[in-house]
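Trainee: I should like to learn how one reads the features of a protein model. May we take them up one at a time?

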Amino acid sequence: MSLESRLEWVEGWGMAVGAPGYVFRPRDATGVAEALELARSEGIPVALRGAGCSYGDAALGAESVVLDLSGLDRVLRWDPQSGVVDVEPGVNLQALWRMAIAHGWWPPVVTGTMEPTIGGALAMNVHGKNNWSRGTFGEHCIEFDLTLPEGGARTITPDRDRDVFYAVVGSFGQLGIITRARLQLKKVRSGLLEVRAVAAPDLETMLRLADEAKDRWEYVVGWIDAFAGGKNLGRGLLHFARHLEEGEDKEPGAHLSTAAQDLPSTLFGVVPKSLMWRGLKPLTNRLGMRGINFAKYLAGSTFGNDTTYRQSLAAFSFLLDYVPDWKKVYLPGGLIQHQSFVPTDRAEEVFRNQLEVCHEHGMPSFLAVLKRHRPDPFLMSHAVDGFSMALDFPVMRNRRADLWSMVRELASPVVDSGGRFYPAKDAALPAELYRETFCEGQLEQFARFKAELDPGHILRTGLADRLLYGN
Ligand SMILES: Cc1cc2nc3c(=O)[nH]c(=O)nc-3n(C[C@H](O)[C@H](O)[C@H](O)COP(=O)(O)OP(=O)(O)OC[C@H]3O[C@@H](n4cnc5c(N)ncnc54)[C@H](O)[C@@H]3O)c2cc1C
């Protein structure tokens, strides 16, 4: 197959940025080696890609070989006694929990969707709603195989190859290709969580309640009505959750089945959920989203406040998978997300400023989510001891430039506060702001690993070029 015949338009998950790339979809190591060989001989860079769930340009590159690793999707070894699993990088979170749950195991860290692959989860070092209590995905990886773009492979463990391990995880596919990962899953006694819902009338209360809950509940997540202003600025709903202990669930076998975890395919048992995004489309404008955010807060603070209930692990974890294809409501322009991580003592000031800046620009976020984080030992880590606020924005073609400059405005106070940004969610950050968030010597250390593991600079993406390599 010629290189030209592989040319496709490759988009970020948010559909707002994309580039033409030569797409290779290998199913095994030989296919990976062949794609790398061809890229080297043609002098073309290689952008690694998993399920393509990164919102922006992290898994694509203009006129690059796009090496889609989602077809390497075999579980190589699974030990239901210890919960240790060896997988190829294209296995996704969904396949992982489906395989493990009946044996009483669950991935210790999951994202808001079950689509990401293990390769992508390690490359971004993803976090869940339990970042404070369980850390990041990479903290549950026992070892991985790293194929180097210029040939050869190494098995990397956190003990034997500490520096390389903590540099590769979270380096968004710039230091090698993860071709196998060994993970330790988490023992669970039930397929249910106990969930507590609490309403917060303003930002100060949101942050305080989330902080107080972090040591008592494994999962802490907040939804913010980003349209509310004045004394209601930052109001929202918080959900805390914990796993049930042995004996708390009277029917653990039933709840630990995949059937009990499956998200319903219809709404109210009637409307196919695959059609729902079409129903939401007419409401996806400023007025409609203001109404939806208001109604959600009103319902949650009136009927749902201070309630405790049980919910399946999948339903609580993968809220964003409830409405299939929901991102299509944002077509034709797509959406971008901006997620800032801010130290605890500056979070209220920075998030207040961000919500106000959005109002001033007339571009409030349609969906805003708050999480509590802790620092981790990875070189390119995005986490701090503090909070993150993730803001979704529709991309209107006539306001695209305004939106990009607003993101710059949102990002400046984050840098001043000692905060961080998350490449998985970014499409619009300027390099200087991103680079300023690193401590002295950190980016130089990354450059040394790049020179050691990928001296020919074969691995590149739109994001890496934009934020790191300066072109
Ligand atoms: C609806 C939604 C909700 C989300 N929720 C969360 C969340 O709660 N927490 C969170 O942390 N993230 C979240 N994300 C972001 C997502 O988890 C990350 O972007 C993740 O990296 C996506 O995995 P992927 O397989 O799609 O990888 P891709 O997006 O395809 O790639 C991600 C990066 O990994 C690199 N890469 C891919 N495979 C490999 C490999 N085998 N070896 C080396 N590098 C590789 C790519 O070059 C790229 O830089 C969410 C995304 C969506 C769409």
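Trainee: Is M15 buried or exposed?

Mentor: Buried means a relative accessible area under 20%. M15 has a relative accessibility of 12%, so M15 counts as buried. Please keep in mind that this is a predicted model.

Trainee: Where does M15 lie, and what is the sign of its phi?

Mentor: M15 belongs to the loop between β1 (7–11) and β2. Its phi is positive, about 65°, although M15 is not a glycine.

Trainee: Which value does phi take at F172?

Mentor: Phi of F172 is near 35°, again a positive value in a residue other than glycine. F172 sits in the loop between α5 (162–168) and β10 (177–184). Its relative accessible area is 4%, so F172 is buried.

Trainee: Let us turn to the peptide bonds. Which form does the bond from L331 to P332 take?

Mentor: That bond is cis, with omega near 10°. P332 is part of the loop between α11 (313–317) and β18 (335–343).

Trainee: I should now like to read the strands. In what order do the five strands of the open sheet stand?

Mentor: Two strands are said to pair if at least two bridges are found between them. Here the order is β5-β6-β10-β8-β9, and the pairing is antiparallel.

Trainee: Why is one side of β5 and of β9 left without a neighbour in the sheet?

Mentor: β5 (75–79) and β9 (153–156) stand at the edges, and each has a single partner strand, so one side of each has no neighbour in the sheet. On average, neighbouring strands of this sheet are turned by 10° against each other, direction ignored.

Trainee: How many bridges join β5 to β6?

Mentor: There are four bridges between β5 and β6 (residues 84–87), and the two strands run antiparallel. Within this pair, W78 stands opposite V85 in β6.

Trainee: Which strands pair with β4 in the parallel sense?

Mentor: Strand β2 (residues 18–24) pairs with β4 in this way over four bridges. One residue to inspect is F24, whose bridge partner in β4 is L67. Strand β3 (residues 46–49) also runs parallel to β4, joined to it by four bridges. In that pair, V46 has V65 of β4 as its bridge partner.

Trainee: How many residues of β4 are buried?

Mentor: Five of the five residues in β4 (residues 64–68) are buried, and the strand is thus described as mostly covered.

Technical notes
Residues numbered from 1 in each chain as written. Predicted model: local features only at pLDDT ≥ 70, side-chain atom pairs only at ≥ 80, totals over all residues. Heavy atoms only, no water. Axes fitted to C-alpha atoms, helices over the stretch in contact; angles between N-to-C directions. Buried < 20%, exposed > 50% of the residue type's maximum accessible area, 1.4 Å probe, protein only.
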